[in-house]
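Student: Could you take me through one part of this structure closely, the part where aromatic rings come together, and then show me what lies around it? I would like one connected explanation that I can follow with the model in front of me.

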Amino acid sequence: VKEAGEQRADLDRLRATAYRAFDLVLAPSRFLIDELVRGGFERERIEYAPLGFDNADLAALPPVRREPGRAVRFAFLGGLGKHKGVHVLLDAFARLSGGAELCVWGGSSDQSYVERLRHRCGEVGAQWRGVYERPELPQILASVDALVVPSIWVENYPLVIHEGFAARRPVLASRLGALPESVQDGVNGLLFAPGDGRFHMIYAGAL
């Protein structure tokens, strides 16, 4: 433990030296700015600069239309690393007794985890879609009512949230990291406690 602490201190010193060589750092979220300051960067050398997106093809999609008797269609899109919390989403979906559908699109180099998710999808009745390409996104988003970002580790500026907003799809996201900067609870989506497998039961009815 002592050796690990010394290595961490050495890395902190190297990082501080590297930081002093930068004139300006652009950060796409206020959360990241706070983290950089916490890591030793001077706030006056950081500028808030949100990312821009070209999602014109998504803006042309029709808005969500609820049809009586049709299940709410949720989707996860993106990388399937463990920190994305897809296993939490599937556990939450398993608690539902009906009235919702869930599709999982994405991939990862962690094949063991991917196989676990694929198997879990079969257990809980979710639809496994696998890897997708950006040109497929308009068709995918046109088929769903809402996106879920169930991250269990801090996120900065997930592109999928802004793709969903461009397509006028609400987003359910963990109240974690910079996610609340994009998803405003009750306005353009809903926020829930990270790792809480009960959230899906609550929000399926809200949509």
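Tutor: Phe22 is partly exposed, because its relative accessible area is 38%, and buried would require a value under 20%. Tyr19, in contrast, is buried, with a relative accessible area of 16%. Please keep in mind throughout that this is a predicted model, and that every value I quote is computed from it.

How are the rings of Tyr19 and Phe22 placed, in terms of their centres and their planes? A pair of aromatic rings is described by the distance of the centres and the angle of the planes. For Tyr19 and Phe22 the centres are 6.4 Å apart and the planes stand at 45°, so this pair is tilted. Tyr19 also forms a tilted aromatic pair with Phe41, with 4.8 Å from centre to centre and 55° between the planes. Since Tyr19 belongs to helix H1, residues 2–20, while Phe41 lies in the loop between helix H2 (30–38) and E2, this second pair ties together parts that are 22 residues apart in sequence. Both Tyr19 and Phe41 are buried, and together with Phe22 they make up one aromatic cluster. The structure as a whole holds 4 aromatic pairs.

From Phe41 we can step back along the chain to H2, which is followed by Gly40, a residue with a positive phi near 110°. The buried residues of H2 are Phe31, Ile33 and Leu36, and what covers them includes H1, strand E1 (25–27), E2 and H8. H1, the helix that holds Tyr19, is therefore also among the elements covering the buried residues of H2. Another ring to look for is that of Tyr48, where the charged end of Arg30 sits over the ring, 4.0 Å from its centre.

Continuing along the chain, you come to Gly52 in the loop between strand E2 (46–48) and helix H3 (56–59). Is Gly52 buried or exposed? With 68% relative accessibility, Gly52 counts as exposed. Its C-alpha atom is separated by 9.6 Å from that of Pro28, and these two residues are 24 residues apart along the chain.

The helix H8 (179–182), which helps to cover H2, is also part of what covers the buried residues of helix H7, along with H3, E3, helix H6 (137–142), E6 and strand E7 (171–174). Those buried residues of H7, a helix that spans residues 159–166, are Val160, Ile161, His162, Glu163 and Gly164. Just after H7, Arg168 takes a positive phi of about 60°.

H7 leads us in turn to the largest pocket, which holds about 160 Å³ of space. Among the 13 residues that line this pocket, Leu77, Gly78, Lys84, Pro158 and Val160 are the closest to its centre. Two or more lining residues come from each of E3, E6 and H7, and E3 gives the largest share, 4 residues. Val160 therefore appears twice in our tour, as a buried residue of H7 and as one of the residues closest to the centre of the largest pocket.

Terms used:
Residues numbered from 1 in each chain as written. Predicted model: local features only at pLDDT ≥ 70, side-chain atom pairs only at ≥ 80, totals over all residues. Heavy atoms only, no water. Buried < 20%, exposed > 50% of the residue type's maximum accessible area, 1.4 Å probe, protein only. Phe/Tyr/Trp six-rings, centres within 6.5 Å; stacked < 30°, edge-to-face > 60°. Lys NZ or Arg CZ within 6 Å of the ring centre and 35° of its normal. Contact = heavy atoms within 4.5 Å. 1 Å grid on protein atoms, 1.4 Å probe; cavity = no way out; pocket = protein on both sides within 12 Å on 5 of 7 lines; lining within 4 Å. Points joined across faces, edges and corners; volume = space filled by probe spheres on them.
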